[in-house]
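Biologist: Could you take me through one part of this model's surface up close, and then carry on from there to the rest? Please keep it chatty, but give me the numbers as you go.

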Amino acid sequence: MILLPRGNPVKENVNPGKVNLPDALDKLRQGKFTGYLRFDFPEGTGIFIFQAGRLISSLFETGRENLIAYDAIARTFHESLKGDGRLDIYRLSPELAFSIHALLHGEMLHRGQDLQLIDIRSLLTRMRDEQRSGCLRIYSDDHIALIFYRDGKPLGFFHDGSTDIETTADTSMSVARAPGAKVDVLITRGDAEKSLADLMETANIAGLWNKEVGERQRQREEQENAASRTLEMREGERRQKTLALFQKAAQQHLGKIGVSLVDKEFDRLKLNGVPLGEGHLTGFYDNLAKAAKLVAGPSKIELMLDEMKKGARSVLKGS
Amino acid sequence: MEQLHLVLAVFWLIAGGVAFYFSIGNARVWTSIAVGFFLILLGEIIPGALPFLPGLDNPYVLTMGHIIGTIAILVMSHGFQEYYVFTRTLDFEGSKLFVYLSVVGVIIASMVFLLINPAPGEDVRRIIRVVENTNWVFLSLINIDLIRKIYLNIQETPISKGFIAFMVVFACIFLWKGSQLYIDVYDLENKKDLINYTISYYTNLGGNLLASISVGATFLYLAKLLR
């Protein structure tokens, strides 16, 4: 799970499947928005970071893979269109927005360092002395805390459960003191901020969106076709069962000519794509009885039709 | 001999009545067949039982008997053909009323034909009788084969054994009409001392009696099967 400071909520709990995301991103661009968009899906989490209207970073993280830039945007669009996601938009200060980029994309200076083996205070001092920009991620089994730096100065502290950046390091330190606590140090190089491209300028956002919309449409059609095929198959089975039952009864009472009469009258059933129901069989029974009169008496025919009606009732209700 | 003719007339009356009643109460496909057998009653009663009825010497009545006999075998053969077509294609069409009206129409047309022509003499009647019996003989054989095929197509149905009975009926009719045809072709009426005539005569009577009994019995049997 990606833990980020919430900042100032702009929109929360929006279904991204019901939003035209290219339009929304364009509005954020024109409004010189700084902050990030967080997309939560069953498949993973997507983060779009804006700095002064520029989409400087995008990430899509699943348990198995991390996608960045255009791939992340495309995947976020893809998941959004499924309609079961959640979108939250938070405004942040420009420094923090960049720090979040560092957190998500920064160079890993130290990974999983055991805090019992290193001195956290001297690490913080080193960050300050070396005028690092980036983020310290301190985590134990139960908690996580983030410390954001910009040119060696702490921008603030953030930990799970808090709603905004804090200015005191108390909670972070308490996480650091927890048994088995570890730290990751992520940094960005000094000129990285300037070199960040605006993904909205370099990527055809509308094209990515339209491609995903097309893909989604194709998938939906495929699903509908598959569902329709399944329905057709099931209906075919019902008809076959009903026909087999009629043939058996006709064979028993009228012999092979009875089976032929059943086949003929069953073929003549006009269902027009509607599932076979007992109502459709009224005409079938009448026509069959009329034809059967040429080879059998009314009592035999009545007996045969009773068997057919009883069998058809159980087949058509049971399925 | 008159008593025998009376017995024959009674049997044909029963057979014809049963056949006609059967044609009313059953499927359209039986109409032609049953009406055909009913017409035997008219065709046979008229010439056979004339001693008990008025018009004994009327050549038109006697000739109409032969013509109705011819219509009878043609109508019932048509009926069996229809039944055979049904067993092959499962398609059937037409109405009973149309069958009744058609038969009545053909009989009326035949009467008109007779009336607008000179009164039929003995020779004319003999020729018409030969035509009638020829039709009966050859169509009986054809019908036996057709009924055999129908039976094979519907042999598992309740009605199937009724068609075996029809084969027996046509075998009897073949003997009856065949012997009469033989007598007419060889003019055995004028050579009564020949054994051929005697055999043909009794075969004719026996065939007639058996046919009348088998027709009545067959339709009663069919009625039982079609209950």
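Modeller: Sure, let's start with the greasy bit: Leu6(B), Val7(B), Val10(B), Phe11(B), Ile14(B) and Ile213(B) make up a nonpolar patch on the surface. Together these residues put about 460 Å² of accessible area on show. Keep in mind throughout that this is a predicted model. The biggest contributor to the patch is helix α1 of chain B, residues 2–25, which supplies 5 residues. Take Val7(B) as an example: this residue sits in helix α1 of chain B. With a relative accessible area of 37%, Val7(B) falls between the 20% and 50% cut-offs, so it is partly exposed.

Staying on chain B, have a look at Leu90(B). Its phi is near 65°, which is a positive value in a residue other than glycine. That is worth a second glance, because most residues other than glycine have a negative phi. Leu90(B) belongs to the loop between α3 (59–89) and α4 (96–115) of chain B. Despite the loop setting, Leu90(B) is buried, at a relative accessible area of 12%.

Chain A has a positive phi to show you as well: Asn13(A), not a glycine either, comes in at about 55°. Here the setting is strand β1 of chain A, residues 8–14. Asn13(A) has 55% relative accessibility, and since that is over 50%, it counts as exposed.

While we're on chain A, where do the domains fall? The assignment gives domain 1 as 8–203 and domain 2 as 230–318. Their C-alpha centres lie 68 Å apart. Asn225(A) is part of helix α8 of chain A, which runs over residues 205–254. At a relative accessible area of 43%, Asn225(A) is partly exposed. For another sense of distance, go from Asn225(A) to Leu288(A): the two are 63 residues apart along the chain, and their C-alpha atoms are separated by 35 Å.

Now a helix that is mostly covered: α3(A) has 9 of its 12 residues buried. The buried ones are Leu96(A), Ala97(A), Phe98(A), Ser99(A), Ile100(A), His101(A), Ala102(A), Leu103(A) and Leu104(A). Its length works out too. Helix α3 of chain A covers residues 94–105, and at 1.5 Å a residue its 12 residues should span 16 Å; the end C-alpha atoms are 16 Å apart, which agrees.

How many salt bridges are there over all chains? The count comes to 25. A good one to zoom in on is the pair Glu79(A) and Arg75(A), whose closest N and O atoms are 2.9 Å apart. Both residues lie in helix α2 of chain A, residues 69–80, and they are 4 residues apart, about one turn of the helix. Glu79(A) has 2% relative accessibility and so counts as buried. Arg75(A), at 18%, is under the 20% cut-off, so it counts as buried as well. Glu79(A) also meets the side chain of Lys82(A) in a salt bridge, at 3.3 Å from N to O. Lys82(A) counts as partly exposed, with 34% relative accessibility.

Over on chain B, Glu189(B) forms a salt bridge with Lys192(B), and there the closest N and O atoms are 4.0 Å apart. Glu189(B) is partly exposed at 35% relative accessible area. Lys192(B) counts as partly exposed too, at 49%. Back on chain A, salt bridges that share partners join Glu43(A), Glu65(A), Arg75(A), Glu79(A) and Lys82(A) into one network.

Last stop, the cysteines. The structure holds 0 disulfides over all chains. Two cysteines to click on are Cys135(A), which is buried with a relative accessible area of 0%, and Cys172(B), which counts as buried at 10%.

Methods: Residues are numbered from 1 along each chain as its sequence is written. Chains are lettered from A and ligands numbered from 1 in the order in which they are written. This is a predicted model: local features need pLDDT of at least 70, side-chain atom pairs count only at pLDDT 80 or more; totals for chains, interfaces and linings use all residues. Side-chain values use heavy atoms; hydrogens and water are left out. Domain bounds come from an automatic or database domain assignment. A disulfide is a pair of cysteine sulfur atoms within 2.5 Å. Buried means under 20% relative accessible area, exposed over 50%, partly exposed in between (1.4 Å probe, protein chains only). Helices (H or I, at least four residues) and strands (E, at least two) are DSSP runs, numbered from the N terminus. Patches are made of residues with over 30% relative accessible area and no salt bridge: like charges are joined within 9 Å, nonpolar side chains (Val, Leu, Ile, Met, Phe, Trp, Tyr) within 5 Å. Accessible areas come from the Shrake-Rupley method with a 1.4 Å probe; for residues, only the protein chains shown count as cover. The expected span of a helix is 1.5 Å times one less than its number of residues.
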